[in-house]
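Please find below my note on the model you sent. It is kept to points that can be checked against the coordinates.

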Amino acid sequence: MGFSKVAFSLAIVSAICLSTIHLAQAQNEYLGPHNAARAALGLPRMSWNQNLANFAQRYASQRVRDCRPIPPPGPYGWNIYIGTRGRDTPSAAVASWVSEKQYYRCPSNTCAAGRTCSHYTQVVWSTSTQLGCARMRCNNGNYFIMCSYNPRGNLPGQRPYRCVREEAMEAVRGAMGELVEVAVEEAMEGTVEMAEAEAADVEEDVIARVV
C-alpha cells in the first residue's frame, strides 16, 4: 500500500514536471522569435504574461467555428495568424509577422504601397513588453494562433521605435546626394571653363591668321 502511494506521488510529480517543461517550451516558441526581432533593433525584451495568454485562449476558443482573423475586443494589442497544414506552429506564426519588416518604412512610419506591416510593428513596439499567446485547432482543421500584447502597440500617430539607424542612413544618403550635386556642378563649371578657354584659343588663332 505504501509503495503504491509513493508510486502514485512520483507519477503526479513527473506529470507536473513534464507539463511545466512543455509549457516553457511552448512559451519560448513565441517569446524566442519575438525577442530576436526586438534584439535586432536594441529594444527591451518581452516576458511571458499568463493573463494575456488566458485572454488569447478565451478569444481563440470563440473563433474555432469560423477560424476568421477578426480583431478581439479589449485593451490589449494583438496579432492573429491562421495556420494551415505544415505552417501551423507558433514559430511559423511569428515568422509570418516578422517577415513584414521588409515593408515597414521607419522614417515615414508607413507601410510600402499595397503591403501590410502592422503585425511586424506590434512585434517590435518598444513599450509592448508583456506577451501571452494561444493556439486552437479550428473545426476546418486549420489553427487559430493569437498573441496578446501589453501595453498595446500600433497607436495612431506614434512610432513603434525610434528609427535611429534609418535616420542615419537617410542622412548619409542625403549627404551623398549633395556631394553628387556639387560634383556635377563643379564638373559642369569645369566643362564650361574648358569650352571658353578653347573658344578663346580658336579666336586668337583666327585673328593671328587674318593679321
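The numbered points go from the whole chain to the strand pairings.

1. This is a predicted model, and the points below should be read as such.

2. The protein chain contains five helices and six strands. In sequence order, helices and strands follow one another as α-β-α-β-α-β-β-α-β-β-α.

3. Of the 211 residues in the protein chain, 29% are buried. The exposed surface of the protein chain comes to about 13300 Å², and carbon and sulfur atoms supply 58% of that area.

4. Among contacts in the protein chain with a separation of 6 or more, 67% are between residues 24 or more positions apart.

5. Strand E1 covers residues 47–48 and strand E5 covers residues 130–137; the two run parallel and are joined by two bridges. For a position to inspect, Ser47 stands opposite Gln130 in E5.

6. E5 also pairs with strand E6, residues 143–150. Here the strands run antiparallel, with eight bridges between E5 and E6. Within this pairing, Arg135 faces Ile145 in E6 as its opposite residue.

7. E5 and E6 form a hairpin with five residues between the strands. Which residue in this hairpin takes a positive phi? It is Gly141, with a value near 95 degrees.

8. In summary, E5 is joined to E1 in parallel fashion by two bridges, and to E6 in antiparallel fashion by eight. When checking side chains along these strands, keep in mind that in a regular strand they alternate between the two faces of the sheet.

Technical notes: Residues numbered from 1 in each chain as written. Predicted model: local features only at pLDDT ≥ 70, side-chain atom pairs only at ≥ 80, totals over all residues. Heavy atoms only, no water. Pairing = 2+ DSSP bridges. Helix = DSSP H or I, 4+ residues; strand = E, 2+ residues; numbered from the N terminus. Buried < 20%, exposed > 50% of the residue type's maximum accessible area, 1.4 Å probe, protein only. Contact = heavy atoms within 4.5 Å. Areas by Shrake-Rupley, 256 points an atom, 1.4 Å probe, with all protein chains shown as cover.
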